[in-house]
Amino acid sequence: MTSAPALEQPVSTAESAEPELPTPVVAPESLSVKFNDVGRAFGGRTVLRNVTMTVNPGEVVAILGASGCGKSTLLRAVGGLDVGFTGELLIGDRAVSRYDERTAVGFQEPRLLPWRSIRRNIELGLPRDLEKSAGKARVDELLDLVGLSDRAHLRPREISGGMAQRASLARALARQPGVLLLDEPFGALDALTRLKMQDLLMDVHASTGTTVLLVTHDVNEAMQLADRILLLGCPDSDPAEGATVKSLVTVPGTRPRNRASQDLARLGSQLYAGLGVDSH
Amino acid sequence: MTTTLATQSAPPRRAKSLPGGRILIGAAVPLLIVGVWWLVTGPLNLFTATQLPAPQSVIEAGVGLLDGGALFAHVGVSVQRVLLGFLFGAAAGLLLGSLLGLSRIADGLLHPTVGAFRAVPSLAWVPLILLWVGIGEDGKVLLIAIGAFFPVFTSVHSALRHVDPHLVEAGRAFGYHGTRLLTAVQLPAVVPPVFSGLRLALAQSWLFLVAAELLASSEGLGFLLIESQNNGRVDRLLLAIVLLAILGKITDALLGVIERKALKTWA
């Protein structure tokens, strides 16, 4: 007996109060995402070009940019929802495939099946080869994680927008993705619900450790949630050239960050300037 | 997709004041009509028996036909024709509608042709059916099937074409494709419009039944209509009409029960 297996989670002493630790609902192998000169054109119109960067396993990267600058296009390429891009895109060490099963997408709209209960909607995200009992246990845990256990039997139209978005997040987590892709998931929510959802996402990330790519147009949300922020934009000289990486910044501090911090305020005005907005 | 909906428990069920209260309310107007009918034929004597026989003579006509078993034969054969025609027509409509609704190639290839056939008023097929199939049982069932086919085809086809692409993409993103995608997302999404198509098709089936039986038949409710007209038996004529109304309503209600069950599961 030498050392413990490298993958094993560090276990505290047996006497420690176990229930206080967040239960790892999903223990995925977080995967890296490598963009190598990724571009995308729709019918001759270049939307994205020359995107090169690496997202480390377990990292949260926010993709920030003005409307229509190709944020979602980049995210859809990672999820294999759109395979028309140029360049090279690796998840882990394998190229992305059509509807890549190593990723899971949380869409801007919850996209729940209206005829299925919340529980059955979350089941939709389970991997196909998972045993029934294991699947049920995982859905139970996810329902608990997103706080919907007592609404599991309801249909999507019977719950609020915020709850629907939580169900959508749980569905994405059900397949234990190596990379979680979120496309402005909180964009349609009211300000208060949005803050709660951001906290939930931080909890989820803390307990799963999955890599997260988060598309957003909200500077504060990006600064609150991300380790790094990828700012996409077009060159001011010629917007028709297509968007590319304008800057890639590391957000100072660790989560949860103080929303009133000076450093964040400075970074914020820098990002707003990058988005072409006067920060006053 | 709807975005925000207030959370609330299901609306409280309206307390039923009377068991079967809805049926009683629904029966009020028909009873009133029968009452007025009785009034104008009996006590007021506004019509002669050849113009408008009294309700009781219609019932007597029914009882008279019941004696020889003729009434059951007429009703039985008509119901059989409608059900067979409806089943064949609806099945064909479901199949072809699904094929064209799901496959772009099949749609491009066949939809203009089906659309052209749909543009032909269905009764225009009658002379051709008479020549090719004859107006025996086969011809009648075929005509009813044609009547039932198009509403089902159109509703299935357009519903499948218009399944929310967001939902389909979400299904695909979670690894669903082919038959699994069809049964998990596409078919449940089209259940409500398909049932409206089926109910429309059933009504069409009764319409085409009468058309077929008026043309040529030796039994059935359409035959009862034309025979009573020829013999001046207005009482039997009215009986046939009342029976058509009742049978049409019953079959539609049965389909409605199945629809409610399906909507509970799928919608």
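**Briefing: chains A and B**

Over residues 21-40 of chain B, the chain is 100% helix and 0% strand, with its end C-alpha atoms 29 Å apart. The model is predicted. In the unreviewed UniProt entry, that stretch is one of the spans of chain B annotated "transmembrane region". Chain A holds 7 helices and 10 strands.

**Chain B: annotated spans**

- The unreviewed UniProt entry gives "transmembrane region" for residues 21-40, 82-103, 115-135, 141-160, 181-200, 206-225 and 237-258 of chain B.
- Residues 82-103 of chain B are 95% helix and 0% strand. The C-alpha atoms at the two ends of this span are 31 Å apart.
- UniProt, again from an unreviewed entry, sets the feature "domain: ABC transmembrane type-1" at residues 71-256 of chain B.
- Residues 71-256 of chain B are 87% helix and 0% strand. The end C-alpha atoms of this span lie 27 Å apart.

**Chain B: a nonpolar patch**

- W38(B), L39(B), L44(B), L46(B) and F47(B) make a nonpolar surface patch of about 490 Å².
- One of these residues, L46(B), sits in the loop between α1 (21-41) and α2 (55-67) of chain B.
- L46(B) counts as exposed because its relative accessibility is 56%, and the cut-off for exposed is over 50%.

**Chain B: L182(B)**

- Helix α8 (residues 178-215) of chain B contains L182(B).
- Setting aside neighbours within four places in sequence, L182(B) is in contact with L102(B), L187(B) and P188(B).
- L182(B) and V168(B) are 14 residues apart in sequence. Their C-alpha atoms are 9.2 Å apart in space.

**Chain A: overall figures**

- Chain A has 280 residues, and buried residues make up 51% of them.
- About 13,400 Å² of chain A is exposed, and carbon and sulfur atoms supply 52% of that area.
- Take the contacts in chain A between residues at least 6 apart in sequence: 68% of them join residues at least 24 apart.

**Chain A: an open sheet**

- Four strands form an open sheet in the order β2-β1-β4-β5 (chain A), and their pairing is antiparallel.
- Its edge strands are β2 (45-55) and β5 (94-95) of chain A, each of which pairs on one side only.
- Strand β4 (residues 86-91) of chain A is joined to β5(A) by 2 bridges, and the two run antiparallel.
- L90(A) stands opposite A95(A) in β5(A).

**Chain A: D100(A) and G125(A)**

- D100(A) lies in the loop between β5 and β6 (103-106) of chain A.
- D100(A) counts as buried because its relative accessibility is 1%, and the cut-off for buried is under 20%.
- Leaving out neighbours within four places in sequence, D100(A) is in contact with G79(A), G80(A), I91(A), A95(A) and R175(A).
- G125(A) is in the loop between α2 (118-123) and α3 (132-145) of chain A.
- G125(A) has 1% relative accessibility, so this residue counts as buried.
- Beyond neighbours within four places in sequence, G125(A) is in contact with R171(A), A174(A), R175(A) and F174(B).
- R175(A) is thus listed among the contacts of D100(A) and of G125(A).
- G125(A) and G135(A) are 10 residues apart along the chain, and 9.9 Å separates their C-alpha atoms.

Notes: Residues numbered from 1 in each chain as written. Chains lettered and ligands numbered in written order. Predicted model: local features only at pLDDT ≥ 70, side-chain atom pairs only at ≥ 80, totals over all residues. Heavy atoms only, no water. UniProt positions renumbered as here; feature names shortened; annotations may be inferred. Patch = residues over 30% accessible without salt bridge, like charges linked within 9 Å, V, L, I, M, F, W, Y side chains within 5 Å. Areas by Shrake-Rupley, 256 points an atom, 1.4 Å probe, with all protein chains shown as cover. Salt bridge = Lys/Arg side-chain N within 4 Å of Asp/Glu carboxyl O. Buried < 20%, exposed > 50% of the residue type's maximum accessible area, 1.4 Å probe, protein only. Pairing = 2+ DSSP bridges. Contact = heavy atoms within 4.5 Å.
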